[in-house]
Structure formats: structure tokens, C-alpha cells
Amino acid sequence: MAAEHSVGFEPADRLAEDRESVRRRFWRKLKRVAAQLPFAEDLLAAYYCAFDRQTPRHVQASLLGAIAYFILPFDFVADVMPVLGFADDAAVLATAIRMVAGHITTEHREAARAALKRGVEEEATD
């Protein structure tokens, strides 16, 4: 049954299982593309929620899957295309956020805003 819901997302599902790889690759890609992302704050808030020890495992799994899709080197819509490039990433992220919105706290959003103000620097304590 679970495979039925993840058709086409298998690489993201596999990547999401490796939390440290997601963490490293997330920051590399975000630094490269943050200026182009209209949803950067939501993406960062989802990231902070996914790695928060207080967040339930099922919520972490949903968010890690969406984040993994964002960092994968291939997309349904190429990220280099102006305007449309991140549309698929935004749709996957928006769906995941809607599913777990109650778990993304004010603290996660504040941390996201602070990271954007700093210029999206990776924190050693993430």
C-alpha cells in the first residue's frame, strides 16, 4: 500500500532514510538556490521541524521525504527553468507541510527567518 502512494518518489524515499545525507545535501543546494526560492522560509521551517527531536517520527518522515525531493539532482521540472523550475519542489513541500502543519512551530519559523537573514549559513548544532 505504501509503495502505491510513492510512485515516482522512490529515490526521495531512499534518500530520506539517510538523515545525515539529507542534512549535508540540503544546505549545499539551499545555499546555491535560496535567492531563487519564493518558498525558502517554508522550506527552512520544514527542515528545522524535521530535525527537531520533539517532532513525531511520522512527521519527520513526511518532511524528510519532501526535503529529499528538493535536494535530488533530478526533477520532473528542471530547477534551472525560470519561474517554473522549482514548481514541482514547491508542490511536494506544500503538500507535506499541509499534512503536518500543526507540528511546524513558531520556533521553527523563527529559526528559518533567522537563517535567511544570516544568509542561509549552516549551523553546527542543527
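Colleague: Why is arginine 113 called partly exposed?

Modeller: The relative accessible area of arginine 113 is 36%. Buried means under 20% relative accessible area, exposed means over 50%, and partly exposed is what lies in between, with a 1.4 Å probe and protein chains only. Since 36% falls in between, arginine 113 counts as partly exposed. Keep in mind that this is a predicted model, where local features need pLDDT of at least 70, side-chain atom pairs count only at pLDDT 80 or more, and totals for chains, interfaces and linings use all residues. Residues are numbered from 1 along each chain as its sequence is written, and side-chain values use heavy atoms, with hydrogens and water left out.

Colleague: What makes arginine 113 and glutamate 41 a salt bridge?

Modeller: A salt bridge needs a side-chain nitrogen of Lys or Arg within 4 Å of a carboxyl oxygen of Asp or Glu. Here the closest N and O atoms are 2.8 Å apart, so the pair qualifies. This pair links distant parts of the chain, with arginine 113 in helix α7 (residues 106–118) and glutamate 41 in helix α4 (residues 40–50), 72 residues apart. Glutamate 41 is partly exposed too, at 28%.

Colleague: How do you know that α7 and α4 are helices?

Modeller: By DSSP runs: a helix is a run of H or I with at least four residues, a strand is a run of E with at least two, and they are numbered from the N terminus. Counted like this, the chain has seven helices and zero strands.

Colleague: Which residues form a salt bridge at 2.9 Å?

Modeller: The side chains of arginine 109 and aspartate 42, with 2.9 Å from N to O. Arginine 109 lies in helix α7 and aspartate 42 in helix α4, so this salt bridge ties together parts that are 67 residues apart in sequence. Both partners are partly exposed: arginine 109 has 25% relative accessibility, and aspartate 42 has 31%.

Colleague: How do you know that glutamate 20 and arginine 23 form a salt bridge?

Modeller: Their closest N and O atoms are 3.5 Å apart, which is within the cut-off, so they count. They sit three residues apart in helix α3 (residues 19–33), which means about one helical turn separates them. Glutamate 20 is partly exposed at 43%, whereas arginine 23 is buried at 12%. By the salt-bridge rule the count comes to three.

Colleague: Why is glutamate 107 called exposed?

Modeller: Its relative accessibility is 55%, which is over the cut-off for exposed. Glutamate 107 lies in helix α7. Its C-alpha is 9.0 Å from that of cysteine 49, although the two are 58 residues apart in sequence.

Colleague: What makes α4 largely enclosed by the rest of the structure?

Modeller: Nine of the 11 residues of α4 are buried, so the helix is largely enclosed. Among them are Leu43, Leu44, Tyr47, Tyr48 and Cys49. The buried residues of α4 pack against α3, α5 (57–71), α6 (87–100) and α7, where contact means heavy atoms within 4.5 Å.

Colleague: What share of the chain is buried?

Modeller: Buried residues make up 43% of the 126 residues. Among contacts between residues at least 6 apart in sequence, 68% join residues at least 24 apart.
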